[in-house]
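Work through these exercises with the structure open beside you. Try each task before reading its solution.

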Amino acid sequence: MSNDPNNKKFKDWLDILQQESWQLELIISGFAIYGLFMVIEPIEIANLEARINNNMYRSIIMQGLLISWYILTINLLAHVVLRGLWIGAIGLRYVSGDIDYDELNYSTKFKTHLIKRVGSFDRYVAALEKYCSVIFAITFLLLFYLLGLLLLAATFTLLGLWIDSENTPDYLRYWVAIPLIILLGVGAIITFVDFFTQGWLKKKKWTTWFYYPVYWVFKYLTLSFLYRPIVYNLLDTKFGRRLSLLLVPLYMVVAIVAQTGFSRSNYLERDLNSTPYVANVENYNDLIRNDNLKFVDRASIPSKVITDPFLNVFIVYGANIEDDVFYFNEKLKPEEDNRGLYSIFGSGTLDWRKKGKLFKDYLSTLQEMYLLKVDTTSYNFDLVFTENTKGQLGFETVLDIRDLEKGKHVLEIKRKDHRLDSVYFRRIIRIPFWNYSEE
């Protein structure tokens, strides 16, 4: 059969598919909802890992996936519910036909109102069919919108990194990169105005001269050329335009509702940081080990109750630690900073022998930057670089607590910091524990 859209047979075939599409919609929605509930936990775990490890690039991707998950799940669940209602209405129509208002024997006022507002049963079935079909189409349209937004954000991020790079010449930074960011920023605002007003800039002749070039560029930056036919087919009806205007407020309401909860106390919350009076589960290895959505917050010890004559301490490798190391030991600062994105096509200019020699100095500098105390007693310690069971990078040491009295104690971790020319020790965390070690 020809795929020519002007061919009569092709049009007849599309009409048949259009009438039978509800079966495919239900099959796709069912499999998609099942798959979505299977992947939500891995996405949440990956998102938490990216945030904890301060991996901005992976965090943006995971946030995009999380938003996509919520869009798909909410829309597909709504579609399945409405499609189920539609099937039920079709079955009821087969049994009892249309609504017989005379048989209801209501008063004239109510009968007139119901005939005007409710109408025939067929109109109700048709309305359900329309909502089901449009919701299913909009679900995947919203994902394309989100993908376009992420690509645009990635473009601005890459340009920003290019500007911040020490290897970027000043003439490229000031005459190419910065003007390009300004132009893209103005273009993004103009494109958003046209999107929010449902094509107002395309309707006016006086806006064509400046908006058409912007439209041409951004149709590639946002991948809109892939889904434009669906957008225009949705906007050419009054129903589609109204539904498009409702989408943003609707998702804002859903987001607000999702953040609504119940508080049982004016002072106590679930996510309070560890202090001498609060024991956060994210600072005890045995409490986070079996919880996929829990990671170490700054530092951790094995348990709330210590039964060994030693205390194992794990300190998470923070985002700004290496900058502080370079501040306190300038000879460790490399000529070329290799932090950030990398690829297999990198220059490969690292001097591994020199790096190995400096690694010991790196750990020594780190060790001098930290202060570990139990109550008021400072401890000597040796740090080693390691990775915990959650995949978090950090440093580990073991403190001798054989002479520590039984009962409650507080581990305090401080780190050397600087502000202008002054150097001081900043408290990182305090973790309470109970010592009942066997001597």
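**Exercise 1. A salt bridge across a loop**

Which residue forms a salt bridge with Lys-331, and how far apart are the closest N and O atoms?

Solution. This is a predicted model.
- Step 1: Find the partner. Lys-331 pairs with Asp-361, and the closest N and O atoms are 3.5 Å apart.
- Step 2: Check the cut-off. A salt bridge needs a side-chain nitrogen of Lys or Arg within 4 Å of a carboxyl oxygen of Asp or Glu.
- Step 3: Place the two residues. Lys-331 sits in the loop between helix 12 and helix 13, while Asp-361 belongs to helix 13. The pair links distant parts of the chain, 30 residues apart.
- Step 4: Classify Lys-331. Its relative accessibility is 55%, so Lys-331 counts as exposed.
- Step 5: Classify Asp-361. Its relative accessible area is 26%, so Asp-361 is partly exposed.

**Exercise 2. More salt bridges**

State how many salt bridges the structure holds, then describe those of Asp-102 and Arg-402.

Solution.
- Step 1: Take the total. The structure holds 10 salt bridges.
- Step 2: Start from Asp-102. Its side chain meets that of Lys-111, at 2.3 Å from N to O.
- Step 3: Compare with the classes. Asp-102 is exposed because its relative accessibility is 55%. Lys-111 is at 27%, so Lys-111 counts as partly exposed.
- Step 4: Go to Arg-402. Its partner is Asp-400, with the closest N and O atoms 2.7 Å apart.
- Step 5: Classify this pair too. Arg-402 has 51% relative accessibility and so counts as exposed. Asp-400 has a relative accessible area of 39%, so Asp-400 is partly exposed.

**Exercise 3. Building the sheet**

Work out the strand order of the open sheet and how its strands are joined.

Solution.
- Step 1: Write the order. Four strands form the sheet as 1-3-7-6, with antiparallel pairing.
- Step 2: Mark the edges. Strand 1 (299–300) and strand 6 (384–387) each pair on one side only.
- Step 3: Join strand 1 to strand 3 (residues 310–316). Two bridges do this. Ala-299 stands opposite Ile-315 in strand 3.
- Step 4: Join strand 3 to strand 7. Here there are seven bridges. Leu-311 has Leu-399 of strand 7 as its bridge partner.
- Step 5: Join strand 6 to strand 7. Four bridges pair them, and Thr-386 is matched with Gly-394 in strand 7.
- Step 6: Inspect the turn. The hairpin of strand 6 and strand 7 has five residues between the strands, and Gly-391 takes a positive phi near 85° there.

**Exercise 4. Inside the core**

How many residues does the largest nonpolar core have, and where do they come from?

Solution.
- Step 1: Count. This core has 31 residues. Among those with the most contacts inside it are Leu-311, Leu-366 and Leu-399.
- Step 2: Trace the suppliers. Elements giving at least two residues each include strand 3, helix 13 (352–369) and strand 8 (407–419).
- Step 3: Separate the other core. A second one, of 21 residues, includes Leu-66 and Ile-138.
- Step 4: Look around Leu-399. It touches, among others, Phe-310, Val-313, Leu-372 and Leu-411.

**Exercise 5. A patch on the surface**

Which helix gives the largest share of the nonpolar patch?

Solution.
- Step 1: List members. The patch includes Phe-144, Leu-151, Trp-216 and Phe-225, and its accessible area is about 820 Å² in total.
- Step 2: Find the helices. Helix 5 (121–164) and helix 8 (205–221) each supply at least two residues.
- Step 3: Decide. Helix 8 gives the largest share, four residues.
- Step 4: Test one member. Leu-151 lies in helix 5. Its relative accessibility is 33%, so Leu-151 counts as partly exposed.

How values were computed. Residues are numbered from 1 along each chain as its sequence is written. This is a predicted model: local features need pLDDT of at least 70, side-chain atom pairs count only at pLDDT 80 or more; totals for chains, interfaces and linings use all residues. Side-chain values use heavy atoms; hydrogens and water are left out. Two strands pair if DSSP finds at least two bridges between them. Patches are made of residues with over 30% relative accessible area and no salt bridge: like charges are joined within 9 Å, nonpolar side chains (Val, Leu, Ile, Met, Phe, Trp, Tyr) within 5 Å. Accessible areas come from the Shrake-Rupley method with a 1.4 Å probe; for residues, only the protein chains shown count as cover. Buried means under 20% relative accessible area, exposed over 50%, partly exposed in between (1.4 Å probe, protein chains only). A nonpolar core is a set of buried Ala, Val, Leu, Ile, Met, Phe, Trp, Tyr and Cys residues joined through side-chain atoms within 4.5 Å. Contact means heavy atoms within 4.5 Å. Lists of a residue's contacts leave out its neighbours within four places in sequence.
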